Amino acid sequence: MVAFLLSIVVTVVLVAAILAYTRRRPVGVPVTWGEAMFGAMIVFFAMFWVYGVVPHQWLTWADNELNWRTDKLFVGPGGILRAQAQGGSFPFTINYVVIRDIIASGIYVVAVAGQIALWMIWQNRGKKAATEEKVELSSFGRPLVREGSEA
């Protein structure tokens, strides 16, 4: 459990460092060779960590400490997911290894979504939201314009 939680903490610290650098890095400034290599190293390490270490630590924790095996059946709260083969009403049998693998797949889905979000944040840094000039509206919801001024 400690290794899995530590891998999550390292992931959060890594993402926070990337976001902090995103706010600091000016847009349009040429990148030096050293900056490019360091950035590539950080991105490679982040992908290795999120797609390799975190799922591995989850699977290790589930297999060893949680003792999720194929012979341990998942019946859900109050036995609502008890299989028909065991006298329940659920149409198929679910064991804890299936739940373990679904959670591992969920880690990958969250990682891909987070990676895409970080790409979007990096690409859109420096862009300011379009601020519209506030125009006074009439009680009918139409903009009020002074006579003689162009709209």
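## Salt bridges, core and ring pairs in a predicted model

Arg100 and Asp101 form a salt bridge in which the closest N and O atoms are 2.9 Å apart; the term covers a side-chain nitrogen of Lys or Arg within 4 Å of a carboxyl oxygen of Asp or Glu. The structure is a predicted model, in which local features need pLDDT of at least 70 and side-chain atom pairs count only at pLDDT 80 or more, while totals for chains, interfaces and linings use all residues. Residues are numbered from 1 along each chain as its sequence is written, and side-chain values use heavy atoms, with hydrogens and water left out.

### Salt bridges

A search of the whole structure gives 4 salt bridges. Three of them are tabulated here, with the N to O distance for each pair.

| Pair | N to O distance |
|---|---|
| Arg100 and Asp101 | 2.9 Å |
| Arg100 and Asp63 | 2.6 Å |
| Glu35 and Arg25 | 3.6 Å |

The side chain of Arg100 also meets that of Asp63 in a salt bridge. Arg100 lies in helix H3 and Asp63 in helix H2, so this pair ties together parts that are 37 residues apart in sequence. Helices here are DSSP runs (H or I, at least four residues), numbered from the N terminus. Through shared partners, salt bridges join Asp63, Arg100 and Asp101 into one network. Within this network, Arg100 is buried at 14% relative accessibility, whereas Asp63 is partly exposed at 33% and Asp101 is partly exposed at 33%. Buried means under 20% relative accessible area, exposed over 50%, and partly exposed in between (1.4 Å probe, protein chains only).

The salt bridge between Glu35 and Arg25 has its closest N and O atoms 3.6 Å apart. Glu35 belongs to helix H2 and Arg25 to the loop between helix H1 (2-24) and H2, so the pair ties together parts that are 10 residues apart in sequence. Arg25 is buried, with a relative accessible area of 10%, and Glu35 is partly exposed, with 35%.

### Nonpolar core

The largest nonpolar core holds 13 residues, of which Phe4, Val54, Trp58, Trp68 and Ile107 touch the most other members. Such a core is a set of buried Ala, Val, Leu, Ile, Met, Phe, Trp, Tyr and Cys residues joined through side-chain atoms within 4.5 Å. Helix H2 (33-64) and helix H3 (96-123) each supply at least two residues of this core. H2 gives the most, with 6 residues.

Trp68 is buried at 15% relative accessibility. Apart from its neighbours within four places in sequence, Trp68 is in contact (heavy atoms within 4.5 Å) with Trp58, Ala62, Asp63, Tyr96, Val97, Ile99, Arg100 and Ile103. Two members of the salt-bridge network, Asp63 and Arg100, are thus named among the contacts of Trp68.

### Aromatic pairs

The search of the whole structure finds 11 aromatic pairs. Rings of Phe, Tyr and Trp (its six-membered ring) pair if their centres lie within 6.5 Å; planes under 30 degrees apart count as stacked, over 60 as edge-to-face and the rest as tilted.

Phe4 and Trp61 make a stacked pair, 5.7 Å centre to centre with 20 degrees between the planes. Phe4 is in helix H1 and Trp61 in helix H2, so the pair ties together parts that are 57 residues apart in sequence. Phe4 is buried, with a relative accessible area of 13%, and Trp61 is buried, with 18%. Trp58 and Trp68 make an edge-to-face pair, 5.7 Å centre to centre with 80 degrees between the planes. Trp58 lies in helix H2 and Trp68 in the loop between H2 and H3, so the pair ties together parts that are 10 residues apart in sequence. Trp58 is buried, with a relative accessible area of 6%. Ring pairs link Phe4, Trp58, Trp61, Trp68, Phe74 and Tyr96 into a cluster.

### Polar residues under cover

Thr22 has its place in helix H1 and is buried at 7% relative accessibility. Beyond four places in sequence, the contacts of Thr22 are Ile121, Trp122 and Arg125. Gln115 is found in helix H3 and is buried at 17% relative accessibility. With the same sequence neighbours left aside, Gln115 is in contact with Met47 and Tyr51.
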